[in-house]
Amino acid sequence: MKSISMRRYSYQWITRQALQIPIEKTRLLLFFLCINYLIVFVDVLIAHAENRFFPSYEWIPIIFSPLAALSTIYLLLKPKSGFPKYLNILIHSLGALIGIMGFGFHLQAVSAGDNVTYAGLISGNPVFAPLAFVALGIIGIITSLDDHPAHRKYNLTQKTRWLLLATSFWFLATALVAYFDHARTGFENLYTWFPFYVGIFAALVLFFQSYSYYERRLSVLLGVTMVISFIVGLMGFSFHLTSDLAGRGVIQWSRVFYQAPGLAPLLFCDLGLWGILVFLDPIEESSASSNNN
């Protein structure tokens, strides 16, 4: 008699046999989502501290992030349908709205009157950074929904497909943030192009995977792309850390916070893990049993 209930998952032809994991995919994603909100909290706190939190609405994402993390933990501990589920959907819907508002505020800040210029995009606030809240909000809403392994499209559950699309959007937004951040340096080092191209490519792979029937090569490509994203994140962290040391052997914290943020490239590591986690597709128990016989 098993003491732990094992859940069966497929990596869509990357693995020949079903994976058995002693935790539900939803709980795994909720745990990772909570960590992401706490990371975003620190990131936004540092970014908005540069302006001394003025205007006052810059406090909104700072206050919201811990609340969203607490809501996520609440659903993680009480995953049954009911109040925790609907509260989580409401909170994450609010998070997506905050991301859209932040995008608007940042866009307004870099615009010259009614015109948005390329010079403004590369020298002002990171316009696309608030879209992380949109991505987290969408992922939070989707994660709160029930999964139905028996109902599939393109041989993936609807929940898995939506999560793939949401992660694709997040990769796209992160690639744009990396592009305009590195454009400030004029891309004087060729490797500063890597995060942009990897982010765009990963977004395309995730998008096509969510609309593809059986294709082992595409699934393997997705797995490899997520690993590459993770490696690019580690490389970026190393390059930023070297820049922050500024040849003095001592970290200059002003550079860490506002010029070459050391933690920013680690978002590609984070997204690589997200892509791998959301691609876990639950297998219907009856079909899994027939495959084992």
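In this predicted model, helix α1 buries Lys25, Leu29, Leu30, Phe32, Leu33, Cys34, Asn36, Tyr37, Val40, Val44 and His48. The helix has 25 residues, which should span 36 Å at 1.5 Å a residue, and its end C-alpha atoms are indeed 36 Å apart. Ile35 also belongs to α1, but this residue is partly exposed, with a relative accessible area of 31%. Between Ile35 and Thr72 the C-alpha to C-alpha distance is 9.7 Å, although 37 residues separate them in sequence.

**Overall make-up**

The protein contains 11 helices and five strands. It has 293 residues, of which 42% count as buried. Among contacts with a separation of 6 or more, 70% join residues that are 24 or more positions apart.

**Helix α5 and its surroundings**

Helix α5 covers residues 131-144, 14 residues in total. From first to last C-alpha it reaches 20 Å, close to the 20 Å expected at 1.5 Å a residue. Because 12 of its 14 residues are buried, α5 is largely enclosed by the rest of the structure. The buried residues are Leu131, Ala132, Phe133, Val134, Ala135, Leu136, Gly137, Ile139, Gly140, Ile142, Thr143 and Ser144. They pack against α1 (25-49), α2 (59-77), α3 (83-110), α6 (158-183) and α10 (266-278).

**Packing of α1 with three helices**

Two packed helices are described by the angle between their axes and the distance between the axes. The table gives these values for three pairs that include α1.

| Helix pair | Angle between axes | Distance between axes |
|---|---|---|
| α1 and α5 | about 160 degrees | 11 Å |
| α1 and α10 | about 165 degrees | 11 Å |
| α1 and α6 | roughly 20 degrees | within 13 Å |

The axes of α1 and α5 meet at an angle of about 160 degrees, and the two helices are therefore roughly antiparallel. Their crossing is left-handed. On the α1 side the contact uses Thr26, Leu29, Leu30, Leu33, Asn36, Tyr37, Val40 and Val44, and on the α5 side Phe133, Leu136, Gly137, Ile139, Gly140 and Thr143. By class, these are nine nonpolar and five polar residues, with no charged residues. Several of the α1 residues in this contact appear among the buried ones of that helix, including Leu29, Leu33 and Val40.

For α1 and α10 the angle is about 165 degrees, which makes α1 roughly antiparallel to α10. Here too α1 passes its partner in a left-handed crossing. Lys25, Leu28, Leu29, Phe32, Leu33 and Asn36 of α1 meet Asp270, Leu273, Trp274, Leu277 and Val278 of α10. The contact residues divide into eight nonpolar, one polar and two charged.

The axes of α1 and α6 cross at roughly 20 degrees, and these helices are therefore roughly parallel to each other. This crossing is left-handed. Lys25, Thr26, Leu29 and Asn36 of α1 make the contact with Lys159, Thr160, Leu163 and Trp170 of α6. The contact consists of three nonpolar, three polar and two charged residues.

Leu29 and Asn36 take part in the contact with α5, in the contact with α10 and in the contact with α6. Both residues are buried. Lys25, another buried residue of α1, is found in the contact with α10 and in the contact with α6.

**Two residues in other helices**

Ser210 lies in helix α7, which covers residues 194-210. With a relative accessible area of 0%, Ser210 is buried. Leaving aside residues up to four places away in sequence, Ser210 touches Tyr154, Leu156, Arg161, Leu164 and Leu165.

Gly223 is located in helix α8, residues 216-245. Its relative accessibility is 21%, so Gly223 counts as partly exposed; the cut-off for buried is under 20%. Gly223 and Leu273 are 50 residues apart in sequence, and their C-alpha atoms are 10.0 Å apart in space. Leu273 is one of the α10 residues that meet α1.

How values were computed: Residues are numbered from 1 along each chain as its sequence is written. This is a predicted model: local features need pLDDT of at least 70, side-chain atom pairs count only at pLDDT 80 or more; totals for chains, interfaces and linings use all residues. Side-chain values use heavy atoms; hydrogens and water are left out. Helices (H or I, at least four residues) and strands (E, at least two) are DSSP runs, numbered from the N terminus. The expected span of a helix is 1.5 Å times one less than its number of residues. Buried means under 20% relative accessible area, exposed over 50%, partly exposed in between (1.4 Å probe, protein chains only). Contact means heavy atoms within 4.5 Å. Axes are lines fitted to C-alpha atoms, for helices over the stretch in contact, and angles run from 0 to 180 degrees between N-to-C directions. Angles under 35 degrees count as roughly parallel, over 145 as roughly antiparallel, 65 to 115 as roughly perpendicular and the rest as oblique. A crossing is left-handed if the near helix is turned anticlockwise from the far one by less than a right angle, and right-handed if clockwise. Ala, Val, Leu, Ile, Met, Phe, Trp, Tyr, Cys and Pro count as nonpolar, Asp, Glu, Lys and Arg as charged, and the others, Gly among them, as polar.
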